[in-house]
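I sat down with a new model today and kept a few notes as I went. Here is what I looked up, in order.

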Amino acid sequence: MVIAQIELAQAYLWGTQTPADAARANRLLEMAVAQGDPEAKRLLGEQLVVGRALSPDAERGVALLEEAIAAGNAKARLTLGELLVWGQGVERDPARALE
């Protein structure tokens with residue numbers, strides 16, 4: 001069920017095979033996060049930090065990325081590192097990006 005929620009959320013985020021709908025994407029990701037899914041935490045965390053499709057909330061976004069990292073999600077580690085290197089949605093911190 002969680003995988004389906006994440007896949008559908010991504011379709012709504014990017015408007016692939018369905019019209020983009022950030023509110024639906026957010027609801028689906030929040031449901032998957034509530035179930036503890038690390039990939040959902042990564043995806044929602046990234047969106048909250050950069051604020052592309054969802055309203056920005058960098059503090060919560062970074063927290064979700066860190067939870068995903070703690071759960072072993074390698075994509076979350078890469079995502080947070082890139083955001084920190086470029087200062088996208090967060091204060092630029094190349095040293096922390098290398099951790």
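I began with confidence: this is a predicted model, and the protein chain has a mean pLDDT (the predictor's confidence in each residue, from 0 to 100) of 94, with 100% of its residues at 70 or more. Helix H6 (residues 94-97) is lowest at a mean of 90, while helix H4 (residues 58-70) is highest at 97. Helices here are DSSP runs of H or I, at least four residues, numbered from the N terminus.

My ground rules: residues count from 1 along each chain as its sequence is written, and side-chain values use heavy atoms, leaving out hydrogens and water. Local features need pLDDT of at least 70, side-chain atom pairs count only at 80 or more, and totals for chains, interfaces and linings use all residues.

Next I looked up Thr79, which sits in helix H5 (residues 74-86). Is Thr79 buried or exposed? Its relative accessible area is 8%, so I noted Thr79 as buried (under 20%, with a 1.4 Å probe, protein chains only). Beyond neighbours within four places in sequence, Thr79 is in contact (heavy atoms within 4.5 Å) with Arg42, Glu46 and Leu65.

I followed Glu46 into helix H3 (residues 38-50). Glu46 is buried too, at 17% relative accessibility. With the same neighbours set aside, Glu46 touches Arg52, Leu65 and Thr79.

Last came the largest nonpolar core (buried Ala, Val, Leu, Ile, Met, Phe, Trp, Tyr and Cys joined through side-chain atoms within 4.5 Å). Of its 16 residues, Ile6, Leu13, Leu29 and Leu44 touch the most other members. Helices H1 (2-14), H2 (22-34) and H3 each give two or more residues to this core.

Methods
Buried < 20%, exposed > 50% of the residue type's maximum accessible area, 1.4 Å probe, protein only.
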